[in-house]
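This report concerns the assembly displayed here, with attention to its pocket, its symmetry and one residue environment.

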There are 4 protein chains.
Amino acid sequence: MEMHYNRIAGDDVGRIEALSDGIFAFAATVLVLDFHTPEVSEIHTEAQLLAALAASVPRLLPWLLSMLTLGMFWVGQQTGLNQLERSNRDLTWLHLVFIAVITVLPFSTRLLADFFTYRTAFMIYWANIFLTGAALYATWAYAERARLIREDAHGEVSRAIRRRIVIAQSLYAVGAVVGVFDVTLGIVLFILIQLNYAVAPRLPVLSRL
Amino acid sequence: MEMHYNRIAGDDVGRIEALSDGIFAFAATVLVLDFHTPEVSEIHTEAQLLAALAASVPRLLPWLLSMLTLGMFWVGQQTGLNQLERSNRDLTWLHLVFIAVITVLPFSTRLLADFFTYRTAFMIYWANIFLTGAALYATWAYAERARLIREDAHGEVSRAIRRRIVIAQSLYAVGAVVGVFDVTLGIVLFILIQLNYAVAPRLPVLSRL
Amino acid sequence: MEMHYNRIAGDDVGRIEALSDGIFAFAATVLVLDFHTPEVSEIHTEAQLLAALAASVPRLLPWLLSMLTLGMFWVGQQTGLNQLERSNRDLTWLHLVFIAVITVLPFSTRLLADFFTYRTAFMIYWANIFLTGAALYATWAYAERARLIREDAHGEVSRAIRRRIVIAQSLYAVGAVVGVFDVTLGIVLFILIQLNYAVAPRLPVLSRL
Amino acid sequence: MEMHYNRIAGDDVGRIEALSDGIFAFAATVLVLDFHTPEVSEIHTEAQLLAALAASVPRLLPWLLSMLTLGMFWVGQQTGLNQLERSNRDLTWLHLVFIAVITVLPFSTRLLADFFTYRTAFMIYWANIFLTGAALYATWAYAERARLIREDAHGEVSRAIRRRIVIAQSLYAVGAVVGVFDVTLGIVLFILIQLNYAVAPRLPVLSRL
């Protein structure tokens with residue numbers, strides 16, 4: 001009987017981590033490439049330079065939003081990967097889907113920064129976050145079903161991981177609905193949601209989210 | 001007698017993996033840089049923004065194609081590397097050739113996206129896939145011949161790896177011939193071939209490929 | 001009682017290192033992208049090419065400055081990480097802040113290169129260095145307080161790490177004050193400070209800094 | 001007595017490797033970014049597309065040259081790092097110098113591709129190779145002097161590593177002198193030298209180089 005190629009393919013968790021670290025590192029650096037320095041020929045005084053830079057300040061909001069998004073999903077993916085006993089090729093491909101959605105984030109961010117008050121740009125950004133969360137959830141659900149996670153990660157740990165993704169995505173969905181009516185308010189809500197997860201305040205209510 | 005430099009050069013599998021992860025991560029991120037946001041000065045309504053974005057939708061097809069190509073070859077290279085006992089400088093250079101062909105993929109992708117209906121662009125894209133597959137096959141054939149692979153990877157495992165590359169490249173060749181007559185159909189065939197390998201359906205016929 | 005997600009999130013020092021290496025590598029490469037080759041259509045003789053290249057020579061100073069900055073903070077972060085027993089999600093997020101400030105450095109560098117004699121550009125560059133140092137100090141102060149560092153890294157090692165950051169930032173602050181009056185002199189001072197740390201001369205006075 | 005910060009800084013060989021892999025990966029990918037696809041608006045037939053692509057073919061020569069340069073120095077650095085017992089901060093900084101010169105290679109390559117027949121571009125390219133070789137030699141000479149290499153790497157191994165760098169740089173110097181009189185011939189010589197090291201033919205004379 002012939003050996004099946006898929007039995008030996010893609011079983012290395014460390015490679016998924018290394019590829020992901022590269023993807024997140026480039027995505028974060030690419031975000032900053034959208035901050036253009038003012039045209040040298042148009043600037044003649046310190047005041048003009050300050051004014052030109054001040055005009056770019058609103059771009060800091062989408063940038064901050066995306067840095068937090070990247071950080072949140074990088075930590076989230078890591079938490080799941082740390083519970084793995086091993087990988088297989090199906091799980092590897094699910095992580096490649098997760099990674100592929102992450103590579104799109106610099107585009108969504110640029111779109112949001114360029115068209116800050118446009119609902120279309122905001123909804124595409126939200127779709128990017130939603131798809132990333134859905135892909136991450138899929139990696140975990142599959143890993144558990146295929147018995148790729150450590151014995152002690154079943155039960156409580158698994159429930160904590162699933163709950164985290166579902167609650168975070170529910171909060172984003174609320175922010176998205178608000179954003180349909182007022183884009184700026186939607187973005188501010190997104191940032192607050194993420195700051196909550198990043199800072200993880202020790203307030204009893206918020207830290208349960 | 002003098003020591004030979006080549007006896008101590010390039011024997012580290014982990015470094016090949018790390019360099020490759022960087023290459024694949026950067027290539028995947030570069031692919032998205034080809035999605036340009038619409039010119040701010042030309043957009044005044046939500047409808048215009050939607051229309052401008054819709055005009056870019058056909059670029060999603062080459063992007064998807066190349067993400068699948070990258071994923072397939074990343075998994076393929078990993079599968080081979082995992083069977084290695086050690087490397088040597090010749091095998092390292094063969095992997096550098098493989099890596100070099102991968103770095104060209106963003107260029108081939110952009111060409112295909114810009115000149116979607118042109119046979120020239122399609123054939124260059126196919127040549128890129130073919131050369132990548134040929135380089136990958138060479139790394140394995142050499143590794144086996146130079147006895148760099150693990151004892152238990154000879155025989156069945158080796159045949160599975162060779163078979164996988166040869167069958168995949170044969171399918172691409174069929175797609176390439178079809179593409180000479182109808183480029184769009186050729187691209188769709190390529191994507192179907194890759195989706196088959198990525199999704200690895202449990203259908204008896206397809207999963208034997 | 002429910003398990004708390006944050007108890008299992010982000011405890012991997014190796015991932016922080018890998019992500020940081022990607023960030024620093026990309027930042028260093030992006031710095032060179034600001035060196036533009038002369039327009040082919042405008043160059044017709046060797047003398048013209050030399051003249052065009054000579055016009056770019058002043059950009060070497062900000063480039064050198066930023067390469068040294070990257071090197072210094074890469075070594076500095078590494079020194080701290082090497083003392084860690086483990087990480088947790090709060091420390092991971094502090095390192096993400098450190099990383100985020102590093103990704104901004106190519107922008108600050110381009111600004112300084114484009115507006116070499118402008119106080120505004122210089123102060124933004126200094127702010128970037130200051131924020132990086134502050135973030136690095138925060139990672140260490142938190143790691144020590146949260147008992148994440150190795151037993152033997154308390155006391156002397158910890159004091160050496162804190163002293164290094166505080167003294168370096170004090171020297172930069174002096175350079176910043178000088179730069180308010182004379183930007184070029186401020187940049188030269190910055191480079192001298194960093195060369196001192198990079199070369200680490202064995203002069204009794206300087207090597208104590 | 002106070003602890004000296006430099007005693008605990010930068011002693012991690014694995015980090016140097018990881019940072020270098022990132023640098024080489026980006027440099028290799030950036031090289032391909034110089035291949036521009038033809039302007040869509042100017043191409044209307046397959047023949048025009050082929051003609052436009054053919055016009056870029058000469059750029060393949062500098063590209064091949066630089067891919068070989070990157071490969072050679074990546075293998076060369078790896079060979080040295082593999083002999084290390086440990087690192088220290090001085091050796092780390094020497095490797096950062098080596099890395100810094102590598103990041104300049106995409107610029108030198110673009111210059112050579114844009115100004116193919118110009119002696120200035122060729123000499124800058126050669127200077128880049130020379131400085132990279134000199135930095136690599138410095139890392140090894142220092143590592144041996146500071147007793148950072150493994151016991152068994154003294155003597156024969158060390159001589160093989162030094163000889164390799166000195167002979168390679170001597171050959172490049174010959175190519176550089178030839179290039180002063182005929183740039184194209186100089187480039188061809190460079191490529192032949194590197195192909196010799198990459199392919200490492202088993203001819204008695206060449207393989208001793």
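The following paragraphs describe a predicted model, beginning with the largest pocket.

The largest pocket has a volume of about 1500 Å³. Its lining comprises 40 residues, and the closest to the pocket centre are A:L33, A:H36, B:L33, C:L33 and C:H36. Helix α1 (13-33) gives two or more residues to this lining in chain A, chain B, chain C and chain D. Helix α4 (89-114) does likewise in chain A and chain C. Sorted by class, the lining of the largest pocket holds 19 nonpolar, eight polar and 13 charged residues.

The relation between two of the chains is considered next. A turn of 90° with a shift of 0.0 Å along the axis lays chain B on chain D, with an RMSD of 0.0 Å. This is the relation of a four-fold axis. Within chain B, the residue that comes closest to the rotation axis is B:G22, whose C-alpha lies at 4.1 Å. Only 5% of the interface residues of chain B are also interface residues in chain D, so the copies meet through different surfaces.

Finally, one residue of chain B is examined. B:D90 is placed in helix α4 (residues 89-114) of chain B. Its relative accessibility is 16%, and B:D90 therefore counts as buried, the cut-off being under 20%. The side chain of B:D90 makes polar contacts with the side chains listed below.

| Side chain | Partner side chain | Distance |
|---|---|---|
| B:D90 | B:R89 | 2.5 Å |
| B:D90 | B:Y142 | 3.4 Å |

Methods:
Residues are numbered from 1 along each chain as its sequence is written. Chains are lettered from A and ligands numbered from 1 in the order in which they are written. This is a predicted model: local features need pLDDT of at least 70, side-chain atom pairs count only at pLDDT 80 or more; totals for chains, interfaces and linings use all residues. Side-chain values use heavy atoms; hydrogens and water are left out. On a 1 Å grid over the protein atoms alone, a cavity is a set of points where a 1.4 Å probe fits but cannot get out, and a pocket is an open set with protein on both sides within 12 Å along at least five of seven lines; lining residues have an atom within 4 Å of a point. Grid points are joined across faces, edges and corners, and a volume is the space filled by probe spheres set on the points. Helices (H or I, at least four residues) and strands (E, at least two) are DSSP runs, numbered from the N terminus. Ala, Val, Leu, Ile, Met, Phe, Trp, Tyr, Cys and Pro count as nonpolar, Asp, Glu, Lys and Arg as charged, and the others, Gly among them, as polar. Copies are superposed by least squares on the C-alpha atoms of residues with pLDDT of at least 70 in both. Contact means heavy atoms within 4.5 Å. Buried means under 20% relative accessible area, exposed over 50%, partly exposed in between (1.4 Å probe, protein chains only). A polar contact is a pair of N or O atoms within 3.5 Å; within protein, one must be able to donate a hydrogen and the other to accept it, and residues adjacent in sequence count only if both atoms are side-chain atoms.
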